[in-house]
Amino acid sequence: MRFPAAAVLAVLCGLIAVTTTAHATQSGRTPLPEIAIAQPGQCVEPKEVMRREHMTLLRHQRDRTLREGIRTKKYSLNECIACHASRETGSVIGAGGFCQGCHDYAAVKPDCWDCHQPKPGRKTAVKAQP
Ligand code: HEC
Ligand code: HEC
Ligand code: HEC
């Protein structure tokens, strides 16, 4: 019920777009978004898994935190931001932002930043003012 067929299709299209992006970038044919990795090292899962599954990992975490009061660090949004914030802007959104750069290309607009800070530091999400 939470994932109607149209949404599933949109997801698949998004993934295909991203996969194509990677190939096109490698073969140097089409100008596509640069995905800048601000900190060297390793992600919480292999890159291919993250590309495919990060929305699900974050969603599950979100549901578990808010509904069950469970909080594990592995897929913490704050941890994503700590590693992925741009060295120039200090943020994962905006110009050159890790999350937004790719999302603009994929035409997705998660609502996370209504409440969550896109910069490292402030840890607690707040409810957006109406
Ligand atoms: C209506 C406000 C609101 C929105 C929108 C929202 N969150 Fe949250 N989120 C919270 C609150 C409140 C908490 C619990 C307090 C905290 O941990 O900062 C939380 C906690 C979390 C956590 C657990 C804490 C952490 O850093 O791991 C994750 C993960 C998370 N949210 C992900 C998301 C993602 C992904 C989105 C976008 C799809 C999102 N949230 C959108 C309010 C929101
Ligand atoms: C400890 C630092 C660290 C944390 C925490 C981290 N990442 Fe990563 N992430 C990286 C690095 C380094 C890479 C590049 C890995 C590679 O090239 O193999 C990466 C790659 C990625 C990619 C693939 C980018 C591409 O080139 O297509 C995505 C998507 C991603 N991360 C999302 C996330 C999300 C979402 C979170 C939080 C759940 C997160 N990361 C947490 C360091 C981190
Ligand atoms: C390599 C490209 C890429 C990067 C980098 C990336 N995303 Fe995504 N993200 C996508 C694509 C494509 C989708 C759409 C597929 C879908 O809807 O499941 C998506 C969807 C999402 C969704 C679900 C949105 C919704 O409304 O359904 C969330 C939440 C999300 N991303 C969070 C993040 C966060 C947080 C970061 C930065 C830490 C990030 N993403 C970085 C490509 C990326």
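1. A good place to start is the surroundings of ligand 3, where helix H4 makes the leading contribution to the shell, with 5 residues. Please keep in mind that this is a predicted model. H4 is not alone around ligand 3: H1 (5-27), H2, H3 and H4 each give at least two residues to the shell. Of the 18 residues there, the nearest are His-54, Arg-59, Cys-99, Cys-102 and His-103. By class, the shell around ligand 3 holds 14 nonpolar residues, 3 polar and 1 charged.

2. Which residues coordinate the iron atom of ligand 3? His-54 and His-103 do, each through NE2, at 2.0 Å. The site has 6 donor atoms, and with angles of 87 to 179° among them it is octahedral. For six octahedral donors the ideal angles are 90 or 180 degrees. The two histidines join distant parts of the chain, since His-54 belongs to helix H2 and His-103 to helix H4, 49 residues apart.

3. It is worth looking at how these two ligating residues sit with respect to the protein surface. His-103 has a relative accessible area of 16% and is therefore buried, as the cut-off is under 20%. His-54, at 26% relative accessibility, counts as partly exposed.

4. Ligand 3 also has polar partners in the protein. A nitrogen atom of the ligand is 2.8 Å from a side-chain N or O atom of His-54, and a nitrogen atom of the ligand is 2.7 Å from such an atom in His-103. On the oxygen side, the side chain of Arg-59 brings an N or O atom to 2.8 Å from an oxygen atom of ligand 3.

5. Now to ligand 2, which is surrounded by 18 residues, with Cys-43, Arg-51, Cys-80, Cys-83 and His-84 the closest. Helices H2 (47-68) and H3 (77-84) each supply at least two residues of this shell, and H2 gives the most, with 5 residues. The shell around ligand 2 is made up of 9 nonpolar, 6 polar and 3 charged residues.

6. The iron atom of ligand 2 takes its protein donors from Cys-43 (SG) and His-84 (NE2), at 2.0 to 2.2 Å. Here, too, the site is described as octahedral, with 6 donor atoms and angles of 86 to 178° among them. Cys-43 comes from the loop between H1 and H2 and His-84 from helix H3, so the pair ties together parts of the chain 41 residues apart in sequence. Cys-43 is partly exposed, at 39% relative accessibility, whereas His-84 is buried, with a relative accessible area of 16%.

7. Two polar approaches to ligand 2 deserve a look on screen. A polar side-chain atom of Arg-51 lies 2.3 Å from an oxygen atom of the ligand. In addition, an N or O atom in the side chain of His-84 is 2.7 Å from a nitrogen atom of ligand 2.

8. How many protein donors does the iron atom of ligand 1 have? There is one: His-116, through NE2 at 2.0 Å, is the only protein donor. His-116 is found in the segment after helix H4 (98-106).

9. Helix H3 is nicely defined at its start and along one face. Its N-terminal end is capped by Ser-76, whose side-chain oxygen lies 3.1 Å from the backbone nitrogen of Asn-78. The buried residues of H3 are Leu-77, Asn-78, Ile-81 and His-84. Viewed down the helix axis, these buried residues fall within an arc of 145°, so they line one face of H3. An α-helix has 3.6 residues a turn, so residues three or four places apart point the same way.

10. One loop residue is also worth a comment. Ser-91, in the loop between H3 and H4, is buried, with a relative accessible area of 5%. The side chain of Ser-91 reaches the backbone nitrogen of Ile-93 at 3.1 Å.

11. Finally, the overall picture. The protein has 4 helices and 0 strands, and its pattern along the sequence reads α-α-α-α. Of its 130 residues, 19% count as buried.

How values were computed: Residues are numbered from 1 along each chain as its sequence is written. Chains are lettered from A and ligands numbered from 1 in the order in which they are written. This is a predicted model: local features need pLDDT of at least 70, side-chain atom pairs count only at pLDDT 80 or more; totals for chains, interfaces and linings use all residues. Side-chain values use heavy atoms; hydrogens and water are left out. A residue is near a molecule or strand if one of its heavy atoms lies within 4 Å of it. A polar contact is a pair of N or O atoms within 3.5 Å; within protein, one must be able to donate a hydrogen and the other to accept it, and residues adjacent in sequence count only if both atoms are side-chain atoms. Ala, Val, Leu, Ile, Met, Phe, Trp, Tyr, Cys and Pro count as nonpolar, Asp, Glu, Lys and Arg as charged, and the others, Gly among them, as polar. Donors are N, O and S atoms within 2.8 Å of the metal (3.2 Å for Na, K and Ca); water is not among the atoms, so sites may look incomplete. Four donors count as tetrahedral if all angles lie between 85 and 135 degrees; four count as square planar and six as octahedral if opposite donors are over 155 degrees apart and all others between 65 and 115; anything else is irregular. Buried means under 20% relative accessible area, exposed over 50%, partly exposed in between (1.4 Å probe, protein chains only). The arc is that of the directions from the helix axis to the C-beta atoms.
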